[in-house]
Amino acid sequence: MKAGPVEIGTLLQNRNRYCVPIYQRHYVWSRDKHWEPFWQDIRTKAIERLAGRERRFSHFMGAVVLESRAKPSVRQVPSFQVVDGQQRLTTFQLFLTAARHYAQAIGHETTEGNIKRYVLNSDPILMEDPDVEIYKVWPTQSNRQLFVDIVSSENRATLKKAYLDHWYANAQRDQVKEYLSTPSMLRAYGYFYDRIKHSVETDDLHNDLVEAPDTENETTQASDNAIPKDLKLDAIWQSLLEEFKIVEIVLDEGDDAQVIFETLNDRGEPLLAADLVRNNIFQRADARGESAEMLFKRHWKPFEHEFWSQMEKQGRYKKQRIEFFLANFIAGKIAGEVTISKLFSEYKSFLRSERNSTVPRYGSVQAEIQDLEAYGQIYREIIEHSSGSPLAVFSGRLRAWDVTTINPLLLRLWASGMGDEEKRKSLDLLLSLIVRRAVCGLTGKNYNNLFLGVIADLEKKGWSYENLSAYLVGLTSESGRFPQDAELENAILSKPLYTTLGSARVRALLSEIELAKRGKKQEDKELPDTLTIEHILPQTWRTYWPMNGESQPTDEDFTQATFAVLEDGTTIGRIVRRNRIKQTLGNLTLVTQFFNSSVSNLDFGVKRQEFEDQSILMLTKDFVKKTSWDEDEIAARGKALFEHARQIWGTP
């Protein structure tokens, strides 16, 4: 390995190509975090040059790691694979192109030609493939066409014509839109062009000369406002090439590129764990003689879809979706916990066989990446739940219960050799466990270990519904046991589920019961997303819902009931009971968006007519014919709803 500092100009003036492997991530630098600090550093150096100050220190831009590639033809431009540093190299090219275009705009043709030598290789007639070899930096495929269009454009007008949709429509505002919908490379180019133009055409650089003159010469120069535009422009772009350095690391044949890559990205602004995993995979493919480009196109390309880059929050972690997938994939394979904050290390450990750490888990990188691809398709079906498959239906039903710790088990179950009907029954059983435990108020804190335990058990005994059922029945601890019908009935009849479960989960319960009540002829009909929960006996019931008996509670009774818990025959005890039972499932129903909320707190006679108008819902038909609605009616309806619930969420 050869390593040493080198000026940006020296690196780019050589007739070389710096090729970014196809599997590396796309251009991700941003304005606030990268372009603006980079520009401020250039501006500072430009001011020094214009002031004639002694330039004692170069500005370091980090490391660029290069791996020499074979040169099969004497006519080919020497090329290097960029192991690390593609973001920097790409940014240098975008900045220089912006400077070149501005030089054209002010008629500074000499500067335009000089800059071009640092962006494009010379003598295309001596190249075997000039359409490719002319570019000093050759980015990954996802960015390539845009990059080529920017750096090869004859002038700014040509580039603007090609990407007019990303320019502001106002002709007086010749700027690239600063929207996230504008490709980041184009935004970078636009940012640098605007900064260069502003500094050259205003006293931006001059003001700094006036504020801090170091010598008599500076004072004289500062008093002269007419610094030529071409001098200011040259100070800007030459500062990058002459005052900025990188540490150039060129690997020898025996150097491990991946180890060096990981070390450099261990501090500072690290890559995502998923980026490290991806690079590790394709570095190993290259080392084993497997075609990295073929594997990327055939099997990894689906992971480049924006679906996988969406941010999600699970527990205290907020990460891209692909990282949660990788964690679930590993956990499902090893039936063990995975620390997502150390995901890359977990993946490397996973690749070693559990029986013998010297034997890899996969016989080839192709087998490894095909496995990832297959499980990735399953994971996407879990998240999107739109295909209509039993897994998609299950995932849609599970959504309200927010149990993501089951995902490793779902991946393994769906990829197992079980038949379709057996898989469907298994999914129904798992949902029953989750729903029953939630309704009965049992904790979900141990679900991670519970579901990993299921995987381990089925790995030993075989993947089947019978083995799954037997395992779940055998669980006896409070953190994992399967509630039976009597416990579920008691919870539905007595627990204030609206407050203990929350509206989203109660809506899920009522929605599934609604569909079950519709019968087979209507079972394929979906419920509107706009349905909401309504208390039949309202939460504010005192004014229009008198209690049974001649005497009604006083203000003092209600005040004391606020702090009471005992339900007995006293007035206060009856208030406590009514306040609890109004939140039970028997008093809750679904209503459409057309329900007149102004009648919510009125007496039952008025509300009943409004409920009767909600004829689309079966849930309202079991009480609209009633003449009154009290605690006994609520309990009776709760009993009827339980009968549906125990069938929908059955026991093993």
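Ala, Val, Leu, Ile, Met, Phe, Trp, Tyr, Cys and Pro are counted here as nonpolar, Asp, Glu, Lys and Arg as charged, and the others, Gly among them, as polar. Under this division, the lining of the largest cavity in the structure, which is a predicted model, comprises nine nonpolar residues, no polar residues and no charged residues. The residues concerned are Val435, Val439, Leu488, Ile492, Leu509, Ile513, Leu585, Ala645 and Trp649. Three helices, α20 (420–439), α23 (485–494) and α25 (503–518), each contribute at least two residues to this lining. The volume of the largest cavity is about 40 Å³, and a search of the whole structure returns one cavity of 30 Å³ or more.

Turning to the packing of nonpolar side chains, the largest nonpolar core contains 97 residues, of which Trp401, Ile406 and Phe451 touch the most other members. Helix α20 provides the largest share of this core, with nine residues; α20 is also one of the helices that supply at least two residues of the cavity lining. When neighbours within four places in sequence are left aside, Ile406 is found in contact with Phe394, Leu398, Leu430, Ile434 and Phe451. Apart from the largest core lies another core, of 66 residues, whose members include Tyr18, Leu146, Val200 and Ile246. In soluble globular proteins, nonpolar side chains tend to be buried together.

With regard to aromatic rings, the structure holds 34 aromatic pairs. One of these is formed by Tyr189 and Tyr193, with a distance of 6.2 Å centre to centre and an angle of 35 degrees between the planes, and this pair is classed as tilted. Both tyrosines belong to helix α8 (residues 184–201), in which Tyr189 and Tyr193 stand four residues apart, about one turn of the helix. Tyr189 and Tyr193 are, in addition, both buried.

A further site considered is Asp568, which is located in the loop between α26 (555–561) and α27 (571–581). The relative accessible area of Asp568 is 32%, and because buried means under 20% and exposed means over 50%, this residue is assigned to the partly exposed class. Leaving aside neighbours within four places in sequence, the contacts of Asp568 are with Gly573 and Arg574.

Notes
Residues are numbered from 1 along each chain as its sequence is written. This is a predicted model: local features need pLDDT of at least 70, side-chain atom pairs count only at pLDDT 80 or more; totals for chains, interfaces and linings use all residues. Side-chain values use heavy atoms; hydrogens and water are left out. On a 1 Å grid over the protein atoms alone, a cavity is a set of points where a 1.4 Å probe fits but cannot get out, and a pocket is an open set with protein on both sides within 12 Å along at least five of seven lines; lining residues have an atom within 4 Å of a point. Grid points are joined across faces, edges and corners, and a volume is the space filled by probe spheres set on the points. A nonpolar core is a set of buried Ala, Val, Leu, Ile, Met, Phe, Trp, Tyr and Cys residues joined through side-chain atoms within 4.5 Å. Buried means under 20% relative accessible area, exposed over 50%, partly exposed in between (1.4 Å probe, protein chains only). Contact means heavy atoms within 4.5 Å. Rings of Phe, Tyr and Trp (its six-membered ring) pair if their centres lie within 6.5 Å; planes under 30 degrees apart count as stacked, over 60 as edge-to-face and the rest as tilted.
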